[in-house]
Amino acid sequence: MDKRIINFNPGPAALPEPVLQRARDEMLDWAGTGMSVLECSHRSKEFEALLHGAKARLTELLGIPDGYQVLFVGGGATLQFAMVPLNLCPPDGTASYVVTGSWAKKAYQEAGKVGRKAVIAATTETKEKTFHRIPKPAEIKVEGDPAYVHLCSNNTIFGTQWQQYPDLGKHVMIGDFSSDFMSRRMDVSKFGLIYAGAQKNVGPAGVTVVVGRKELLALEQPNLPTYLRYKIHAENDSLYNTPPVFGIYMVALVLDWIKEQGGLVALERRNDEKGQILYGAIDGSGGFYRGAADQDSRSLMNVTYRLPTEELEAAFVADAKKAGMVGLKGHRSVGGVRASTYNAVSVEHVKTLVAFMKEFQRTKG
Ligand SMILES: *Cc1c(COP(=O)(O)O)cnc(C)c1O
């Protein structure tokens, strides 16, 4: 265990150690089958039990109301950028997007690529093509009668996060939750459909969790390839074709771990504490560290900040690595430092980073 580093990677990202240990222990003999989950039929009773258990656990932890269904699909959140408009927006309809970051913009652009009329309800993009904030409710202008309004809950690259979701009345909200899924409580009933690539907060790359209202999942548009139809995944309970079995297994283990931690109430409290410690250190540094996002839009999952010079930023990332902390380099479009503090990153890890930040400022500042 002493080779484990402190992992601030943005995704794929840190997973809880007990989950990795359990996966290791079950690698040769899973659920009494005498084989690993990787070698087992997805039609076996053991795998079906795993799949249904994971869906039930997710429903319990997130408080998913009746009338919704959980799907596990492949293709990452990026495939959802296409599946959402293809399935939920008729070919002659309009889809509306709130653009708050790079992923939100990609989702908007993808709707256009698949032939839908995509419009922007609000954008916080600056002249320099960066994003630093979440829009105020009054900035969101939903015109006409779009099939849905799409937003991105947490902007992984720029480090902003919705503190409160807008109330859009009769409009159906769709959410990309890839980077803050299961990090805090949420009211699923505000959304028609949400999705999250697992590799930030709930598992490995290769599986995407979709939670949607059943009547939306049942919508059909003409000429869609089979795999791209929610209806097929819903009717076949995520078993139309071979699902990403290992990803689903890992998500199930992470959900068990979340339950053991005390569920979303406990994780939310812990993530708040981590944010207070880290943003407190940034704000208390006398301007040496400067938060990149507006205060009222700050993310608890991706903490982005700058140092006085790019040279110091490069030295910070390199010295942190020597001190056993990786993944801190900011995204190339933003620069600076980004500490991704997903669920598996502990309060202790964040305290270690803060101690390093103080020492770095003392010796190099
Ligand atoms: C990482 C990320 C994506 C892209 O996910 P893939 O699984 O790589 O397709 C989309 N949206 C958000 C918010 C992300 O953080």
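**Strands, a helix pair and three buried residues**

Thr304 has Arg338 as its bridge partner in strand β14. This pairing is a good place to enter the structure, which is a predicted model. The two strands involved, β12 and β14, run antiparallel and are joined by four bridges. They belong to an open sheet of three strands, ordered β11-β12-β14, in which the pairing is antiparallel. Strands β11 (290-291) and β14 (337-340) stand at the edges, and each has a single partner strand, so one side of each lacks a neighbour in the sheet.

Asn302 offers a closer look at β12, the strand that spans residues 302-306. With a relative accessible area of 0%, Asn302 is buried. Its side chain makes a polar contact with the side chain of Tyr342, at 3.0 Å. Beyond its neighbours within four places in sequence, Asn302 is in contact with several residues, including Asn154, Asn155, Thr156, Gly159 and Ser179. Arg338, Ala339 and Ser340 are also among the contacts of Asn302, as is Tyr279.

The sheet also meets a helix. Helix α8 lies across β11, β12 and β14, and runs at about 10 degrees to β12. Helix α8 (residues 263-283) in turn packs with helix α7 (residues 245-261) at an angle of about 80 degrees, the two axes being 7 Å apart. That angle makes α7 roughly perpendicular to α8. On the α7 side, the contact is made by Trp257, Ile258, Lys259 and Gln261, while α8 contributes Gly263, Leu264, Ala266, Leu267 and Arg270. Five of the residues in this contact are nonpolar, two are polar and two are charged.

Helix α7 also contains Val254, which counts as buried at 1% relative accessibility. What does Val254 touch, residues up to four places away in sequence not being counted? The residues are Leu15, Pro16, Val19, Asn201, Val202 and Gly203. Val254 and Leu15 are 239 residues apart in sequence, yet their C-alpha atoms are 8.0 Å apart in space.

Another set of strands is centred here on β8. Strand β8 (residues 173-176) runs parallel to strand β5 (residues 149-152), and four bridges join them. Strand β8 also pairs with strand β9 (residues 193-197), in the parallel sense and over three bridges. Asp176 links the two pairings: Cys152 stands opposite Asp176 in β8, and Tyr195 is the bridge partner of Asp176 in β9. In a regular strand, side chains alternate between the two faces of the sheet. Along β8, Met173 and Gly175 point one way and Ile174 and Asp176 the other, and all are buried.

The loop between β8 and β9 holds Ser178. Is Ser178 buried or exposed? At 7% relative accessibility, Ser178 counts as buried. The side chain of Ser178 makes a polar contact with the side chain of Asp176, at 2.7 Å. A polar atom of the Ser178 side chain also lies 3.2 Å from the backbone nitrogen of Gly197. Leaving aside neighbours within four places in sequence, the residues in contact with Ser178 are Ala77, Tyr195, Ala196, Gly197 and Lys200. Ser178 and Val209 are 31 residues apart in sequence, and their C-alpha atoms are 8.9 Å apart in space.

Methods
Residues are numbered from 1 along each chain as its sequence is written. This is a predicted model: local features need pLDDT of at least 70, side-chain atom pairs count only at pLDDT 80 or more; totals for chains, interfaces and linings use all residues. Side-chain values use heavy atoms; hydrogens and water are left out. Axes are lines fitted to C-alpha atoms, for helices over the stretch in contact, and angles run from 0 to 180 degrees between N-to-C directions. Angles under 35 degrees count as roughly parallel, over 145 as roughly antiparallel, 65 to 115 as roughly perpendicular and the rest as oblique. Contact means heavy atoms within 4.5 Å. Ala, Val, Leu, Ile, Met, Phe, Trp, Tyr, Cys and Pro count as nonpolar, Asp, Glu, Lys and Arg as charged, and the others, Gly among them, as polar. Buried means under 20% relative accessible area, exposed over 50%, partly exposed in between (1.4 Å probe, protein chains only). Two strands pair if DSSP finds at least two bridges between them. A polar contact is a pair of N or O atoms within 3.5 Å; within protein, one must be able to donate a hydrogen and the other to accept it, and residues adjacent in sequence count only if both atoms are side-chain atoms.
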